[in-house]
Amino acid sequence: MKDNLVIVESPAKAKTIEKFLGEDYKVMSSYGHIRDLKKRSFSIDTDTFLPQYEIPGDKKKIVDELKKLSKSARRVWLASDEDREGEAISWHLKEVLGLDPATTKRIVFHEITETAIKEAIQHPRDIDQNLVDAQQARRVLDRMVGFKLSPILWRKVKPSLSAGRVQSVAVRLIVEREREVQAFQGADSYRVTAELLNATGQTVKAELDKKFDTEEEAKNFLEQCAQSTLTIDDIQTRPLTRTPAAPFTTSTLQQEAAHKLGFTVKQTMMVAQRLYESGRITYMRTDSTNLSSLCLGTSKAYVTETMGTEYVKTRQYHTHSKGAQEAHEAIRPTYMNTPQIEGTPQERHLYELIWKRTIASQMADAQLLKTTATIAVSGTDRHFLATGEVVKFDGFLRVYRESDDEGNEARASEGELPQLSVGEEMQRQEVLATQRFAQRPPRYNEASLVKKLEELGIGRPSTYATTITTIQQREYVVKGDKPGESVPYVQLSLKGKQVKRTQKKMTVGAERGKLLPTDVGTVVTDFLMQSFPHIMDYNFTADVEKNFDEIAEGHEVWTDMLRQFYSEFNPQVETIMNVRSEHRVGERILGNEPKTGLVVSAKIGRFGPVVQIGTADDEQKPRFAQLKADQSLETITLEEALELFRLPRDLGLLDGHLVTIGTGRFGPYVQYMKKYISIPKDIDPLTITQDQARQLIEKKQQEEEQRHLRQFAEEPELEVLNGRYGPYICYKGTNYRLPKNLHETAKELSLEQCMEIVNNAPSPDEKPARRGRYSKKS
């Protein structure tokens with residue numbers, strides 16, 4: 001056995017590190033955390049507030065292997081990531097493996113290079129218990145919130161829902177922004193632009209310094225212009241300086257990768273993880289914009305050699321976001337003289353983005369010259385403004401331009417104005433007054449949500465990918481497009497002395513890739529806001545992050561912090577759980593059905609948003625209909641609700657059998673030959689055609705044929721079926737696994753073979769634990 005055992009959390013990281021260390025080192029992966037809170041119990045002692053951990057079933061094999069290797073090694077090096085999560089992984093390894101503190105050392109590094117790894121070996125340290133406690137405090141507090149609030153949602157809203165300290169607040173942001181959008185009532189205005197000619201016949205484009213509120217005001221101005229002369233009143237020229245953005249933090253990388261590459265936040269973190277573990281970039285979970293002296297020096301050398309000394313400007317940035325920790329370094333390439341790498345297209349694109357942002361941060365400012373010409377309109381106090389920009393020195397713009405919140409890159413310049421002089425009379429070509437509509441607040445996309453969460457200090461950038469993924473998986477939020485609506489607008493045109501009015505159309509409100517709240521997400525948010533306003537408060541979530549920082553710095557005892565929180569939180573939970581109500585949370589009474597007088601309501605049903613006619617107290621059984629994809633609990637009207645009850649409807653005969661469209665508790669369906677086939681969400685059950693229904697029926701029949709592999713007339717309760725994980729035997733309602741060597745011949749099994757498998761089957765296995773980020777594949 002080798003003398004030194006190095007344990008990291010990722011197999012890819014282990015493979016890279018092993019190349020840098022000598023033959024005396026064995027590098028192994030723990031595949032993430034080797035123990036965690038128990039999955040199906042509270043797992044917190046409410047007297048001591050200490051967590052109760054367990055080793056998941058899928059980690060027992062790797063734990064046994066690490067125990068064996070650690071006992072025969074002379075020294076164990078714990079080399080998990082340098083953040084709090086990584087520190088906790090090392091602590092769990094030390095506790096579970098029973099490592100001797102005298103022969104166990106903790107090493108950390110910002111990058112996986114030979115120099116950094118060997119430097120870490122030379123400067124080991126002990127496990128930082130404060131960082132471990134901060135991670136435990138986060139894990140335990142999040143378990144408290146999720147474990148206590150989720151059952152309330154099951155009872156008050158619908159089963160299988162969940163709540164979370166950060167995820168619920170993130171959904172609140174999206175719900176509130178959607179309501180801002182729906183409530184927005186912006187006034188329209190008229191923007192006046194002009195196309196003019198100077199003395200030499202060159203075109204100059206200008207815009208009036210005022211917008212008009214009404215068409216009449218705009219028309220009056222254009223009529224005045226027809227009688228006016230346009231003269232240059234003033235020309236101002238001033239220099240402008242543009243400064244490069246700071247190197248990437250986790251948050252800014254997520255935002256810019258979304259803007260420039262179209263990556264989701266989750267995708268960005270997965271690709272960045274691979275780049276880090278292969279030694280291409282520094283650690284990707286950081287809120288610092290610092291750069292090492294080595295990076296500053298190599299960046300300066302690269303810019304000097306490839307672009308010249310005039311492009312060099314060494315800078316050190318400081319982070320201004322809430323709760324930032326300056327101890328870490330920004331995300332940067334490990335070698336600044338390598339602008340491109342080999343790898344997958346995603347890896348290459350993200351690496352190049354990181355390299356460009358880093359190198360641009362060490363380059364000179366861009367120098368521009370902005371010219372503004374003020375053009376007077378005789379007979380009025382209004383002026384047209386013509387502006388032009390020209391780049392005198394491109395500086396960092398030679399390499400990189402930052403994007404705005406909607407993903408638009410800043411333009412290098414607006415273009416240069418032609419030669420103009422004060423007092424020069426301009427010739428009018430055309431003046432346009434165009435009706436414009438006020439822009440409603442933009443909905444959040446993943447990038448702008450990350451920016452808002454960071455501004456408010458909610459969560460940590462390293463958790464944003466998980467948060468955004470979770471709220472979509474829980475169907476509180478969906479990512480979608482809004483097509484916008486076509487609206488008419490007025491344009492007035494002045495050519496010569498005549499003002500002409502035309503009406504055109506434009507699309508307003510179109511958005512792509514936005515985060516939209518579902519009815520369930522909206523109802524859950526409203527309920528939590530009403531019942532647990534403290535938990536949903538933005539300041540509370542941010543203050544908790546400060547508590548974690550205090551614990552990490554050794555200024556606060558983590559169990560005391562948890563005890564104080566729980567003593568206030570748990571009584572609230574018990575009170576809300578025992579409150580009884582006649583109506584479901586989020587239920588809206590829309591009116592009464594004209595024929596029967598029964599109450600019509602909209603609410604969250606067991607399987608999503610529904611409209612209900614009648615109540616459980618009525619003699620008649622209540623009828624249900626699911627809302628269509630473009631309908632909402634908050635806005636649906638009585639007329640729209642009643643329209644949903646046009647089902648069931650008959651589509652005619654298919655091969656001699658009736659095709660019926662209906663709806664039930666599980667949603668809309670096609671009924672054919674006593675079989676029920678679910679209708680996908682993208683097909684409207686009220687307009688589905690017989691041809692569409694036939695395609696669904698045929699698809700279902702093909703699936704059934706593929707699923708039923710073998711049946712036996714002499715034993716009708718036994719069947720060989722094809723399932724999600726391969727063939728299996730179903731006998732009297734119980735499923736039995738088939739050995740892998742029989743999978744290919746499952747269709748040919750005899751009844752005797754099947755019964756032998758059933759009779760010799762072991763007791764049901766325990767369900768395997770869910771895999772984590774580094775979980776070992778079987």
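Reader: What makes tyrosine 566 the place where H17 bends?

Author: The model is predicted. A bend is the angle between an axis fitted to the seven residues ending at a position and another fitted to the seven starting there. For tyrosine 566 in H17 that angle is about 30 degrees, so the bend is assigned to this residue.

Reader: How do you know what span is expected of helix H17 (residues 558–577)?

Author: The rule is 1.5 Å times one less than the number of residues. H17 has 20 residues, so 28 Å is expected. From its first C-alpha to its last, the helix reaches 28 Å, close to that expectation.

Reader: Why are some residues of H17 called buried?

Author: The cut-off is a relative accessible area under 20%. Several residues of H17 are buried, among them Trp558, Met561, Phe565, Phe569, Val573 and Met577. They are called buried because they fall under that 20%. Tyr566, where the helix bends, is on the buried list too.

Reader: What do the buried residues of H17 pack against?

Author: Four helices: H5 (129–156), H14 (519–531), H15 (533–536) and H16 (538–552).

Reader: How much of the chain is buried?

Author: Of the 778 residues, 48% are buried. The chain exposes about 40,300 Å², and carbon and sulfur atoms supply 47% of that area. Among contacts with a separation of 6 or more, 69% are between residues 24 or more positions apart. The chain has 20 helices and 28 strands.

Reader: Why are S21 and S24 called edge strands?

Author: Four strands form an open sheet in the order S21-S22-S23-S24, with antiparallel pairing. Strand S21 (649–654) and strand S24 (675–678) each pair on one side only, and are the edge strands. From one strand to the next the twist averages 30 degrees.

Reader: What makes S21 and strand S22 a pair?

Author: At least two bridges are needed for a pair. Five bridges join S21 to S22 (residues 657–664), so the requirement is met. One of the partnerships links aspartate 650 to threonine 660 in S22.

Reader: How do you know that S23 and S24 pair, and how do they run?

Author: Four bridges join S23 to S24, so the minimum of two is met, and the strands run antiparallel. The bridge partner of glutamine 671 is tyrosine 676 in S24. Their hairpin has two residues between the strands, and methionine 673 takes a positive phi near 50 degrees.

Reader: Which strands form the open sheet that includes S25?

Author: The order is S25-S26-S27-S28, and the pairing is antiparallel. Its edge strands are S25 (708–711) and S28 (734–737), each pairing on one side only. The twist averages 25 degrees from one strand to the next.

Reader: What makes strand S26 and strand S27 a pair?

Author: Six bridges join S26 (residues 718–723) to S27 (residues 726–731), so the two-bridge minimum is satisfied. Valine 720 stands opposite isoleucine 729 in S27.

Reader: What does H19 touch when it packs on the sheet?

Author: On the sheet of S25 to S28, H19 touches S25, S26 and S27, and its direction makes about 50 degrees with that of S25. Contact means heavy atoms within 4.5 Å, so H19 has such atom pairs with each of these strands.

Reader: Which strands does helix H20 lie across?

Author: H20 (residues 751–759) lies across S26, S27 and S28, running at about 85 degrees to S27.

Technical notes
Residues are numbered from 1 along each chain as its sequence is written. This is a predicted model: local features need pLDDT of at least 70, side-chain atom pairs count only at pLDDT 80 or more; totals for chains, interfaces and linings use all residues. Side-chain values use heavy atoms; hydrogens and water are left out. Axes are lines fitted to C-alpha atoms, for helices over the stretch in contact, and angles run from 0 to 180 degrees between N-to-C directions. Buried means under 20% relative accessible area, exposed over 50%, partly exposed in between (1.4 Å probe, protein chains only). Accessible areas come from the Shrake-Rupley method with a 1.4 Å probe; for residues, only the protein chains shown count as cover.
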